[in-house]
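Please walk through the helix packing and the enclosed space of the structure shown here, explaining how each arrangement is described.

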Amino acid sequence: MKEKKQLSVSAIKNGTVIDHIPAQSLFKVIQILNLEHIRDQITFGANFESKKLGKKAIIKLSNQFFRDIDINKIALVAPQAKLNIIKDYEVVEKKVVEVPNEIIGIAKCMNPQCITNNEEIVTKFTVISKENVALKCHYCERITDQEHLVIL
Amino acid sequence: MKDKSLVSINDYNKEEILKILELAAEFEKNPSQNILKGKVIATLFFEPSTRTRLSFESAINRLGGRVVGFIDSSSSSVTKGETLKDTIKTVSNYCDLIIMRHPLEGSAKYASEVATVPVINAGDGANQHPTQTLLDLYSIIKTQGTLDDLNIFLVGDLKYGRTVHSLLMAMSHFTTIFNFISPEELKMPDEYKLFLENLGLKYYEHTDFTEIISRADIVYMTRVQQERFSDPMEYEKVKNIYVLRNHMIRNTKPNMRILHPLPRVNEIHPDVDESEKAYYFQQALNGVFTRQAIISSILGLK
């Protein structure tokens, strides 16, 4: 007799669940966290109904734990993301992301005359406002605001 | 300041600025010395700027240094598609100091990070031109005897004008009163006003200055640059808005001086040129002494 197939998408034993990602930012989050290279099991879900976000996405990562400095990078595209740290099927810690003081890579300078848009250079910004994200380019000193923020 | 690149006016603190101004005064007394003998300085002009280049090269030549470089990117390997990084890395091998002008903003900062010798920014697009600011300060201290308690009028394009932004940042080290005179379209950006407010410095905004010019110690005129306007009609509306004429400066303070980064178009009428208050050509000469001071300080010779 054939066993009924069931996908194990529900709970993870140990790892991190990233919830409240805006649905359209899912693939940016995957890119920023470099999930492509992770060998452990990862589950993505997109376009879940969310009262807060309309459509949200969720990522469950087995055996992955992030340093704040790394996870905070996603704050640019998922400012309301919430993290559940799972140990032995239990949520042992909840975290919210915070926009870091400095952004290296990830974002594009909105100034077309900036050297970073004309030569292969890793972008670098000082965050001058966290609420309405505003980034000051380390090179051209121009400010890129939330409205013009493009993720590389 | 030895071995430290000068990319932005913010790279120097108040003491460092004053040190450069002191050195500039020394060089003015004795502008031809042989202290750069044996030094090779590269002047890399990725876009032409004859005035700035000649000022630097004059400063270097008077001190006995040698210059290598190019005067626009068509005569360099840039036309072959070489990256800025590769150009800077290569040229670093040939010289003790790089002076560069580049049309892209942030290029000088980037060059200073990849170069193995110090870099002086001679203008990176609309961003920074710190040696201009230092020569402006030298012109102010030379004509006023001080940098404290001066009433400075900044006139013209205050929105895009990099020289006025850098001058504002530099003068904010001192107890300056600022008067901003510009059309509505070209007002001083909020971030600079906020910066002054946080320091407790006073500023006033006007659209006309004929009534108040008698209060000025320094009138800093700027050109409204056509290339900043996407709409030619907008440019036509503001291009002739501030034209300084000799009769307007009759009742000004005796110590008042008119500065301009040059080139001017029509914002200062030629009838002002003969006035003792017209200082813009001496200001250009001060650029040579100021650049001598900056170069010799970075090379650790002074």
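In this predicted model, helix H2(B) passes helix H9(B) in a right-handed crossing. The axes of H2 (residues 50–62) and H9 (residues 280–298), both of chain B, come within 8 Å and cross at roughly 60 degrees, and the two helices are therefore oblique to each other. On the H2(B) side the contact involves B:Thr52, B:Ser55, B:Phe56, B:Ser58, B:Ala59, B:Ile60 and B:Arg62, which meet B:Gly287, B:Val288, B:Arg291, B:Gln292 and B:Ile295 of H9(B). The residues of this contact divide into five nonpolar, five polar and two charged.

A second pair is formed by helix H5 (residues 130–144) and helix H6 (residues 162–171) of chain B, which pack at an angle of about 60 degrees with their axes 9 Å apart. That angle makes H5(B) oblique to H6(B), and the crossing of these two helices is right-handed. From H5(B), B:Gln132, B:Thr133, B:Asp136, B:Leu137 and B:Ile140 take part in the contact, while H6(B) contributes B:Thr163, B:Ser166, B:Leu167, B:Ala170 and B:Met171. Sorted by character, the residues of the contact between H5(B) and H6(B) comprise five nonpolar, four polar and one charged.

Turning to enclosed space, the count comes to one cavity of 30 Å³ or more, and the largest cavity holds about 70 Å³. Its lining consists of B:Val155, B:Gly156, B:Met221, B:Thr222, B:Arg223, B:Val224, B:Val238, B:Lys239, B:Ile241, B:Tyr242, B:Asn266 and B:Glu267, a set that divides into six nonpolar, three polar and three charged residues.

How values were computed. Residues are numbered from 1 along each chain as its sequence is written. Chains are lettered from A and ligands numbered from 1 in the order in which they are written. This is a predicted model: local features need pLDDT of at least 70, side-chain atom pairs count only at pLDDT 80 or more; totals for chains, interfaces and linings use all residues. Side-chain values use heavy atoms; hydrogens and water are left out. Axes are lines fitted to C-alpha atoms, for helices over the stretch in contact, and angles run from 0 to 180 degrees between N-to-C directions. Helices (H or I, at least four residues) and strands (E, at least two) are DSSP runs, numbered from the N terminus. Angles under 35 degrees count as roughly parallel, over 145 as roughly antiparallel, 65 to 115 as roughly perpendicular and the rest as oblique. A crossing is left-handed if the near helix is turned anticlockwise from the far one by less than a right angle, and right-handed if clockwise. Contact means heavy atoms within 4.5 Å. Ala, Val, Leu, Ile, Met, Phe, Trp, Tyr, Cys and Pro count as nonpolar, Asp, Glu, Lys and Arg as charged, and the others, Gly among them, as polar. On a 1 Å grid over the protein atoms alone, a cavity is a set of points where a 1.4 Å probe fits but cannot get out, and a pocket is an open set with protein on both sides within 12 Å along at least five of seven lines; lining residues have an atom within 4 Å of a point. Grid points are joined across faces, edges and corners, and a volume is the space filled by probe spheres set on the points.
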